[in-house]
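Thanks for making room for this in the meeting. I would like to walk through one chain, beginning with a single residue and working outward to the whole fold.

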Amino acid sequence: ISEDLLKLISSVAKRVEALIVTGKLKKAYLLAVSCNNLELVTQVRDEAARRGQAPLRDMADKWIASKPPG
């Protein structure tokens, strides 16, 4: 997915989803973190785990662990 096309998607959640679907997990992670969105970071982490991308999964796990529960 091109950057120009990505900019046309107004919803951050849909942008992250598009990045996940196209395999751009690091970009999806960075966008989710920049929005401080636990749910989106969790989605990226789960996909990274599914695809065997341990470094990205671990990075997401650390970010998730840094967030207070609730």
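Where along the chain is Asn36 found? It is found in the loop between α3 and α4, where helices are DSSP runs of H or I of at least four residues, strands are runs of E of at least two, and both are numbered from the N terminus. Before I go further, please keep in mind that this is a predicted model, in which local features need pLDDT of at least 70 and side-chain atom pairs count only at pLDDT 80 or more, while totals for chains, interfaces and linings use all residues. Residues are numbered from 1 along each chain as its sequence is written, and side-chain values use heavy atoms, with hydrogens and water left out.

Asn36 follows α3 and has a positive phi, near 55 degrees, although it is not a glycine. As background, most residues other than glycine have a negative phi. Asn36 is also partly exposed, at a relative accessible area of 49%; here buried means under 20%, exposed over 50%, and partly exposed in between, with a 1.4 Å probe and protein chains only.

Let me now step back into the helix before that loop. In α3, residues 25–34, the buried residues are Leu25, Ala28, Tyr29, Leu31 and Ala32. Seen down the axis of α3, these buried residues fall within an arc of 165 degrees, so they line one face of the helix, the arc being that of the directions from the helix axis to the C-beta atoms. Lys26 and Ser34, both exposed, sit on the face turned away from that buried side. And what covers the buried residues? The cover includes α2 (12–21), α4 (38–50) and α5 (54–65).

For the chain as a whole, the secondary structure comes to five helices and zero strands. The radius of gyration is 12 Å, close to the 11 Å that the globule rule gives for 70 residues, so the chain is as compact as a globular protein of that length; this radius is taken over C-alpha atoms, and the rule is 2.2 Å times the number of residues to the power 0.38. Along the principal axes, the C-alpha atoms fill a box of roughly 35 × 25 × 15 Å. Of the 70 residues, 27% count as buried. Finally, among contacts (heavy atoms within 4.5 Å) with a separation of 6 or more, residues 24 or more positions apart account for 37%.
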